[in-house]
Structures are given as C-alpha cells and as structure tokens.
Amino acid sequence: QVQLVESGGGLVQPGGSLRLSCTASGTIFGINTMSWYRQAPGNLRELVAIIDGDGGTDYLDSVKDRFTISRDSAGNTVYLQMTSLKPEDTAVYYCNGLIAYDISRRAKDYWGQGTQVTVSS
C-alpha cells in the first residue's frame, strides 16, 4: 500500500506565502513524477506544478514565478512553496505521485487527501 500525506494548508492574506508538503510512504519501488493539483469550487481539478525524477519541473502559467516545486534528497517528499498568493489561488490542493508499487516497477497514480488553501483578507 502506498499513501500520500499532505500538510501545510491554511488561511493566508493576499501577498502572503505558504509551503505545502507531501510525503509518500509504504511499499514503494520507485517514484517517477510528483505533482500538485488544485480544485476550486465549481472548477475542474488542474495541474499546478510537476517535478520528475531528474528534477525537471513545469508549472501552470498563472503560478509561474510565484510557486516553486521541489523534492527532498530521498525523493519521497515533495514541497510546493507558494508566494505572492492571490485570492484566485484559493482551492483544495492535492498531491499526486506516479509511483511504482511492485518489483516489476509497474506504476500508477496515487493521491493525497487534499489540503485547503484560502487566500483572503
């Protein structure tokens, strides 16, 4: 079993910062990519940022230059540093990992439970 556990959400004023964390645990044979998605009420879930095994990253256009995704040296924890937050960043943020779950390195998507980020004065 593989689990992703997130932390770090909360209420912040416009212009503020937050850092989200997500740690993968369980029977893991490798992690391909890890990413952050978000979903605001009435909207589809959207990809915010992704990081691959080589450290390559990509971002949603609206968060470029404000958000930074990174992984720890072990590769099992991913972070999302969010700065210059705007009210439109308000959403539930979900961690996603494309993780190999057996010795043949077959992989599938795993999701965290979500963490609420609210940007409001």
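A residue is called buried here when its relative accessible area is under 20%. With that cut-off in place, 40% of the 121 residues of the chain count as buried. I should say at once that the model before you is a predicted one.

Allow me to begin with the overall architecture. The chain has 11 strands and 0 helices, so that its elements, taken from the N terminus on, read β-β-β-β-β-β-β-β-β-β-β. Its radius of gyration is 14 Å, close to the 14 Å that the globule rule gives for 121 residues, and the chain is therefore as compact as a globular protein of that length. Along the principal axes, the C-alpha trace spans about 50 × 25 × 20 Å.

Next, the contacts. Among those between residues at least 6 apart in sequence, 55% join residues at least 24 apart.

I turn now to the surface and the charges. The accessible surface of the chain comes to about 6,400 Å², and carbon and sulfur atoms account for 46% of that area. As for charge, the chain carries 12 negative and 10 positive side chains. The centres of these two sets lie 3 Å apart.

Finally, I would draw your attention to one residue, Ser 62. Where is Ser 62 found? Ser 62 sits in the loop between strand E6, residues 57-59, and strand E7, residues 67-71. Ser 62 has a relative accessible area of 41%, and is therefore partly exposed. Asp 89 is 27 residues from Ser 62 along the chain, and the C-alpha atoms of the two are separated by 9.3 Å.

Methods: Residues are numbered from 1 along each chain as its sequence is written. This is a predicted model: local features need pLDDT of at least 70, side-chain atom pairs count only at pLDDT 80 or more; totals for chains, interfaces and linings use all residues. Side-chain values use heavy atoms; hydrogens and water are left out. Helices (H or I, at least four residues) and strands (E, at least two) are DSSP runs, numbered from the N terminus. Buried means under 20% relative accessible area, exposed over 50%, partly exposed in between (1.4 Å probe, protein chains only). The radius of gyration is taken over C-alpha atoms; the globule rule is 2.2 Å times the number of residues to the power 0.38. Contact means heavy atoms within 4.5 Å. Accessible areas come from the Shrake-Rupley method with a 1.4 Å probe; for residues, only the protein chains shown count as cover. Lys and Arg count as positive and Asp and Glu as negative; His and the chain ends are not counted. The place of a charge is taken as NZ of Lys, CZ of Arg, CG of Asp or CD of Glu.
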